[in-house]
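Biologist: I should like to go through this model by question and answer. Please let each reply end on the value or name requested.

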Amino acid sequence: MTSPWRTPFARNTYLAGAFWGAGLALSWWLNLPDTPGALHLRRDPVGLLYLAASVFGGRNFFGAGWRAARALKLDMNFLMSIAIVAALAVGESFEAATIAFLFSMAELLERFAVDRGRRAIGRLLELAPDIADRVHRDGRVERVPTASLEIADIIRVRPGDRIPTDGRVVTGTSAVNEATITGESLPRLKEPGDSVFAGTLNTEGSLDIEVTADAKHSTLARIVELVRAAESRRAPVEAQVQRFARVYTPIVASLAVLTAAVPPLFFGGDGLDWFVRGITLLVIACPCALVIATPITMVSALTSAARHGVLIKGGIFLEALSQVRAFAIDKTGTLTTGTLVVTEFQHSGPTAPELLLARVATLEARSEHAVAAAIVAYATSRGLQLAPAVQTFTSIAGRGVRGRVDDVELAIGTEDLVGDLTVKRWGPPAPGSLRVYAQSDDGASGVFVLRDELRAESAAFVRDLHAAGIRPVVLLTGDSAATADLVGNEVGVDEIRSRLLPEDKVRAIRELRAKYGSVAMLGDGVNDAPALAESSVGLAMGAAGSPATIEAADIALMGDDLAGVPYAIDLAHRTRRTIRFNIGCALGLKFILAVGAIGGVVSLAVAVLLGDVGGSVLVTLNALRLARRPSAVTPSPASVRPPHRR
């Protein structure tokens with residue numbers, strides 16, 4: 001990627017600036033009252049320096065301006081070419097040089113601003129090391145180019161090194177800083193079986209990792225390519241501005257012609273004076289600052305979002321997010337972690353509760369069901385050791401498991417599996433909870449109360465949506481009414497819809513759009529894809545490492561923190577305000593200068609300096625503020641702790 005400072009355009013600009021500056025300096029020296037030798041010099045060298053500046057600066061526009069003229073298109077290059085040539089024709093060499101140099105400099109600054117945003121994303125790829133340590137089956141470690149890695153290769157990443165490509169931990173335990181992918185500053189604990197991403201930093205222990213994606217198809221590479229593609233998706237306001245510029249430019253150019261021709265022909269005005277005024281108005285007509293106001297702001301915002309773990313696939317979606325009036329949210333995996341946890345264990349019978357729990361956990365350790373994992377985690381968190389032997393194990397689909405542990409027969413699962421007597425002993429379940437019963441043939445029984453763990457930041461997330469003026473916030477879930485009501489009321493949503501199939505969620509989104517206009521939908525992945533596609537803006541969270549999830553949403557939160565959504569909404573509103581300010585400043589400045597040019601108050605040099613260079617620099621610097629602004633994403637209360645599992 002060539003720097004904009006090292007292109008032929010830039011070299012022409014430097015030469016134009018050098019000659020323009022030399023002309024100014026020589027002109028100043030010649031006008032000193034008692035400068036030795038000044039009287040022996042003619043002023044021709046000053047004009048030649050300005051002419052050289054006009055030629056080198058004009059080379060940036062003349063070719064494109066000629067092509068625009070042949071196509072009957074009044075673009076920036078055509079207007080600048082006419083202005084430079086016309087100024088030279090009437091002997092205004094200083095004005096011609098000023099137009100050529102300052103406008104070239106303004107264009108170069110715009111290119112730099114856009115390039116800066118693109119390079120900020122491109123530099124993410126540089127975070128992935130070029131060299132990796134590949135581990136052979138005989139234990140030998142070989143240093144190889146990262147590009148040569150293949151899927152299923154084993155690589156070793158030492159403490160302090162960055163991970164070369166996506167993979168899965170095979171051996172080792174370490175904390176990995178994933179800020180480059182998720183935007184979250186706290187490291188995450190990685191153990192065998194956990195996924196890791198290219199460009200993330202291994203901070204503690206050594207990890208052996210099985211490669212799951214080559215360097216060109218890593219999560220990091222996909223983020224970079226999607227952001228680059230997003231730059232080509234123009235927001236509606238950008239298209240409107242360009243349509244306006246296509247009408248505005250010919251009108252003002254025609255006004256410039258009338259200004260130069262009408263007063264001398266019909267009112268006896270000074271022809272040269274009015275011609276210069278017309279040329280000045282022609283320079284002011286160039287809509288450069290107006291046209292770049294939107295795209296440069298969008299590039300800055302998209303870049304800033306990507307660096308903070310929010311992947312927005314184009315300015316069209318950023319603009320749509322700023323107009324959202326209603327917000328729909330999935331429950332499982334979105335407002336909740338999607339992980340079942342045991343909140344309560346009750347025991348009855350002759351066996352000690354710790355012994356029954358250990359036996360149940362031992363049997364459940366043979367199962368891969370989420371309920372089984374929650375019970376095993378609950379037992380181990382209490383420091384219990386699993387029983388040494390499992391004599392028999394049978395999984396009964398949809399009901400639970402049976403088996404024999406320590407010569408005791410156990411049944412663990414639904415009320416249909418354990419029998420009515422055990423169920424009646426514990427009474428009806430609490431709303432929003434799941435009950436799993438345990439019954440042993442020695443007379444002991446127990447009940448586990450489980451629920452999908454609510455994210456610590458869910459309630460604050462809903463409050464942030466309300467604070468942003470978004471109402472209603474609607475919970476859409478396929479879960480039972482009792483569970484949906486429990487979660488929805490706890491986090492403070494405005495409306496709750498439960499027992500929804502995927503097609504029901506799509507129907508709900510259509511109803512919300514019909515009533516409120518723009519609706520956003522937040523889900524946790526592919527299972528919500530139909531509703532995400534139907535919404536005005538579809539947001540998916542926890543998308544890191546999931547190509548399908550990244551592709552399904554308009555905006556993908558690479559991390560697993562809801563705080564990314566208020567950040568994205570705030571960024572969308574700030575971007576919209578910045579664009580409006582930039583457009584208003586560009587139009588207002590041109591209007592004032594146009595009136596001054598017609599009245600003879602604004603000179604050609606002032607028109608270039610303020611109307612084009614000043615306007616362009618102003619909107620560019622204002623747009624770059626979005627990239628400099630620190631992230632609004634803050635760790636949730638639950639994440640403020642030592643490195644933790646995903």
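The exchange below moves from the whole chain to single elements and residues.

Biologist: What share of the residues of the protein counts as buried?

Modeller: The model is a predicted one. Its secondary structure comprises 23 helices and 22 strands. Of the contacts with a separation of 6 or more, 67% are between residues 24 or more positions apart. Among the 646 residues of the protein, the share that counts as buried is 51%.

Biologist: Why can helix H13 be called largely enclosed by the rest of the structure?

Modeller: Helix H13 covers residues 353–364, and its end C-alpha atoms lie 16 Å apart, in agreement with the 16 Å that twelve residues should span at 1.5 Å a residue. Its buried residues include Leu 356, Arg 359, Val 360 and Glu 364. Since buried means under 20% relative accessible area, the description of H13 as largely enclosed rests on a count of buried residues, which is nine of the twelve.

Biologist: Which helix is among the elements that cover the buried residues of H19?

Modeller: Helix H19, residues 502–516, reaches 21 Å from its first C-alpha to its last, close to the expected 21 Å. Its buried residues are Asp 504, Lys 505, Val 506, Ala 508, Ile 509, Leu 512 and Tyr 516. The cover over them includes strands S11 (326–330), S18 (473–476), S19 (495–497) and S20 (519–523), and also helix H20 (529–534).

Biologist: Which residue with a positive phi follows H19?

Modeller: H19 consists of residues 502–516. The residue that follows the helix has a positive phi, near 90°, and is Gly 517.

Biologist: Which residue takes a positive phi in the hairpin of S1 and S2?

Modeller: Strand S1 (residues 131–135) runs antiparallel to strand S2 (residues 141–145), and five bridges join them. Within this pairing, Asp 133 stands opposite Arg 143 in S2. The hairpin has five residues between the strands, and the residue with a positive phi, near 90°, is Gly 139.

Biologist: In the open sheet S6-S5-S8, which are the edge strands?

Modeller: Three strands form this sheet, in the order S6-S5-S8, with antiparallel pairing. The edge strands, each of which pairs on one side only, are S6 (188–190) and S8 (201–202).

Biologist: Which residue in S6 stands opposite Ala 175?

Modeller: Strand S5, residues 174–177, is joined to S6 by three bridges, and the two run antiparallel. The residue of S6 that stands opposite Ala 175 is Leu 189.

Biologist: How far from Asp 561 is the nearest side chain of opposite charge?

Modeller: Asp 561 is located in the loop between strand S22 (555–557) and helix H22 (564–598). Its side chain reaches the backbone nitrogen of Ala 563 at 3.1 Å. A salt bridge would require a separation within 4 Å. Asp 561 is buried yet has no salt bridge, and the nearest side chain of opposite charge, that of Arg 455, is at a distance of 6.7 Å.

Biologist: Is Ser 433 buried or partly exposed?

Modeller: Ser 433 lies in the loop between helix H16 (420–426) and strand S16 (434–440). Apart from neighbours within four places in sequence, Ser 433 is in contact with Val 449, Leu 450 and Thr 483. Its C-alpha atom is separated by 8.1 Å from that of Asp 452, 19 residues apart along the chain. Because its relative accessibility is 23%, Ser 433 counts as partly exposed.

Notes. Residues are numbered from 1 along each chain as its sequence is written. This is a predicted model: local features need pLDDT of at least 70, side-chain atom pairs count only at pLDDT 80 or more; totals for chains, interfaces and linings use all residues. Side-chain values use heavy atoms; hydrogens and water are left out. Two strands pair if DSSP finds at least two bridges between them. Helices (H or I, at least four residues) and strands (E, at least two) are DSSP runs, numbered from the N terminus. Buried means under 20% relative accessible area, exposed over 50%, partly exposed in between (1.4 Å probe, protein chains only). Lys and Arg count as positive and Asp and Glu as negative; His and the chain ends are not counted. A polar contact is a pair of N or O atoms within 3.5 Å; within protein, one must be able to donate a hydrogen and the other to accept it, and residues adjacent in sequence count only if both atoms are side-chain atoms. Contact means heavy atoms within 4.5 Å. The expected span of a helix is 1.5 Å times one less than its number of residues.
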